[in-house]
Amino acid sequence: MRRRIGLLIAGLLPAVCLSGCVMGRVYRDHPLDEVKIASIQRGQTSKQEILDLFGPPQEIDARELTAIGVPFEPFVSRRGEKPPVERLVAARYFRYTYTRANAMAVILILFNYGEFDQKSDNLVVFFDGDNKVEDFAFRRETDQLPRYGFWSR
Amino acid sequence: MRVARRHLLGWLLAAALASGCTVARYYQDVPLRGDPSVLVEGQSTKSDVLRLFGPPQQIQHQTDGDTFVYAYERTNYSSLRIQDPITRINWFTYTRQLENHDKLVVLFDFAGVVRGVAVDRHTQDMPVL
C-alpha cells in the first residue's frame with residue numbers, strides 16, 4: 001500500500017513541478033481623467049474645448065450629413081428659391097477609450113486553464129449643429145477587471 | 001497474461017500523461033446595466049438612454065435614425081486531448097466553444113426619441129464546461 005502511494009506521489013510530483021503560470025496585461029491608450037469629464041457642460045462646451053481637454057479622439061463619426069433629409073424641392077431649379085439647407089440627421093460624436101485586458105493561465109500537465117478579460121473605459125461626446133456638446137456619456141469598466149482572474153472574480 | 005496487462009496499463013498511463021484538458025474563458029466588456037423595460041417607445045430620449053446605460057459600444061446610422069448597441073460577450077472553451085506518448089499523434093481530441101452575448105439595441109428616430117428596443121441575455125445560460 002505504501003509503495004503504491006509512493007508511486008502515486010512520484011507520478012504526480014512532476015505534474016506539479018513541470019507546471020507553470022502565465023499572467024499578461026494589456027493596456028491600450030491612456031486613462032480618461034474624470035475631473036476633465038466633469039467639466040463638460042451640455043450646450044456650452046465646444047468641440048475645440050473637447051479636443052483641448054482630451055486630445056484627438058480614437059473614433060470620429062465621419063458620416064456625411066448632407067445626403068439624407070435634404071428636401072427635394074430645392075434641387076429643382078426654380079427662380080427665387082433658396083439654396084438647399086443642410087439638416088443634421090444623425091449624431092456627430094467623438095469617442096475616447098482606454099482599454100485594459102488581464103490574461104491568466106495555469107498550465108499543468110493534465111489540466112490547463114486560461115482566462116482573458118478585456119474591458120474599456122468609454123467617453124462618447126455628441127455635438128449639435130453649432131459644434132457644442134449636445135450630450136455625453138462616460139462609463140468606467142476597467143475597475144471591474146479581476147486582478148487574478150478566476151480567483152478574484 | 002500479467003505482463004501484457006502491465007504493458008497495457010503502462011501504455012495507457014503514459015498516454016494519459018501525454019494527454020490534457022484545457023478550459024478557457026474570454027470576457028469582453030461588462031454585463032448590461034440598467035433595466036431596458038423602463039424605456040418607453042415614443043417618449044424616452046437619447047439622453048435618457050445615455051444616462052441609463054452609458055456610452056454605447058456601437059452607434060449605427062440607419063435611414064430613419066440612429067441605433068445604439070450595447071453588448072457583453074463571453075466565450076467558454078474546453079478541450080480534451082489524448083495523445084500517443086511516443087509518436088505524439090492525437091488519438092482523440094474533443095473541443096467545445098460556446099460564444100454568447102447579452103445585447104441591447106435601441107432604435108431612435110431623427111429627433112432622438114426611442115422608437116424600438118430589443119434585449120437579449122444569453123451569457124447566464126452558459127454551461128460551466
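This is a walk through a predicted model of two chains, A and B, starting with each chain and ending with the residues that bring them together.

Let's begin with how far the prediction can be trusted in chain A. The mean pLDDT of chain A is 80, and 73% of its residues reach 70 or more. That confidence is not even along the chain: helix α1 (residues 2–17) of chain A has the lowest mean, 69, while helix α2 (residues 34–38) of chain A has the highest, 95. As you look at the model, keep that contrast between α1 and α2 of chain A in mind.

Now for the layout of chain A. You will find three helices and five strands there, and going along the sequence they come in the pattern α-β-α-α-β-β-β-β. Of the 153 residues in chain A, 16% are buried. Among the contacts in chain A with a separation of 6 or more, 62% are between residues 24 or more positions apart.

Chain B has two helices and five strands, arranged along the sequence as α-β-α-β-β-β-β. Chain B has 129 residues, and 17% of them count as buried. For contacts in chain B between residues at least 6 apart in sequence, 61% join residues at least 24 apart.

A good local feature to find in chain B is a hairpin. Strands β2 (residues 58–62) and β3 (residues 65–83) of chain B pair in the antiparallel sense, over five bridges, and two residues lie between these strands of the hairpin. To get your bearings on the pairing, look for B:Gln58, whose bridge partner in β3(B) is B:Val69.

Chain B also has a backbone detail worth a look. B:Asp29 has a phi near 65 degrees, a positive value in a residue other than glycine. This aspartate sits in the loop between β1 and α2 (46–53) of chain B. Is B:Asp29 buried or exposed? B:Asp29 counts as buried because it has 21 C-beta neighbours inside 10 Å, and the cut-off for that class is 20 or more.

Chain A offers a residue to set beside it. A:Asn131 also has a positive phi, near 60 degrees, and is a residue other than glycine. The loop that holds A:Asn131 runs between β4 and β5 of chain A. Here the neighbour count is 14 C-beta atoms inside 10 Å, so A:Asn131 counts as partly exposed.

Strand β4 of chain A, on one side of that loop, is a good place to pause. A:Phe127 is found in this strand, and it counts as buried because 21 C-beta neighbours lie inside 10 Å. Leaving aside neighbours within four places in sequence, A:Phe127 is in contact with A:Lys47, A:Arg92, A:Tyr93, A:Lys132, A:Val133 and A:Glu134. You can also trace a link across the sequence here: A:Phe127 and A:Arg42 are 85 residues apart along the chain, yet their C-alpha atoms are separated by 9.2 Å.

The same strand takes us to the meeting of the two chains. How many residues of chain A are in contact with chain B? The count is 29 residues of chain A, in contact with 22 residues of chain B. On the chain A side, the elements giving two or more residues are β4 (111–127) and β5 (133–139). The largest share, 13 residues, comes from β4(A). Sorted by class, this side of chain A has 14 nonpolar, seven polar and eight charged residues.

Strand pairing crosses between the chains as well. β4(A) pairs with strand β1 (residues 20–28) of chain B in the parallel sense, over eight bridges. Within this arrangement, A:Glu115 stands opposite B:Arg25 in β1(B).

Finally, turn to the nonpolar interior. In soluble globular proteins, nonpolar side chains tend to be buried together. The largest nonpolar core in this model has 24 residues, and those with the most contacts inside it are A:Tyr93, A:Val124, A:Val125, A:Phe126, A:Phe136, B:Val49 and B:Val106. At least two residues of this core come from each of β3 (92–107), β4 and β5 of chain A, and from each of α2, β3 and β4 (90–108) of chain B. The most, five residues, come from β4(A). One way into the core is A:Phe136, which, apart from neighbours within four places in sequence, is in contact with A:Ile40, A:Leu123, A:Val124, A:Val125 and A:Phe126.

Terms used. Residues numbered from 1 in each chain as written. Chains lettered and ligands numbered in written order. Contact = placed C-beta atoms within 7 Å. Helix = DSSP H or I, 4+ residues; strand = E, 2+ residues; numbered from the N terminus. Nonpolar A, V, L, I, M, F, W, Y, C, P; charged D, E, K, R; others polar. Pairing = 2+ DSSP bridges. Buried ≥ 20, exposed ≤ 12 C-beta atoms within 10 Å, placed from the backbone. pLDDT = per-residue confidence, 0-100. Core = buried A, V, L, I, M, F, W, Y, C linked by C-beta atoms within 7 Å.
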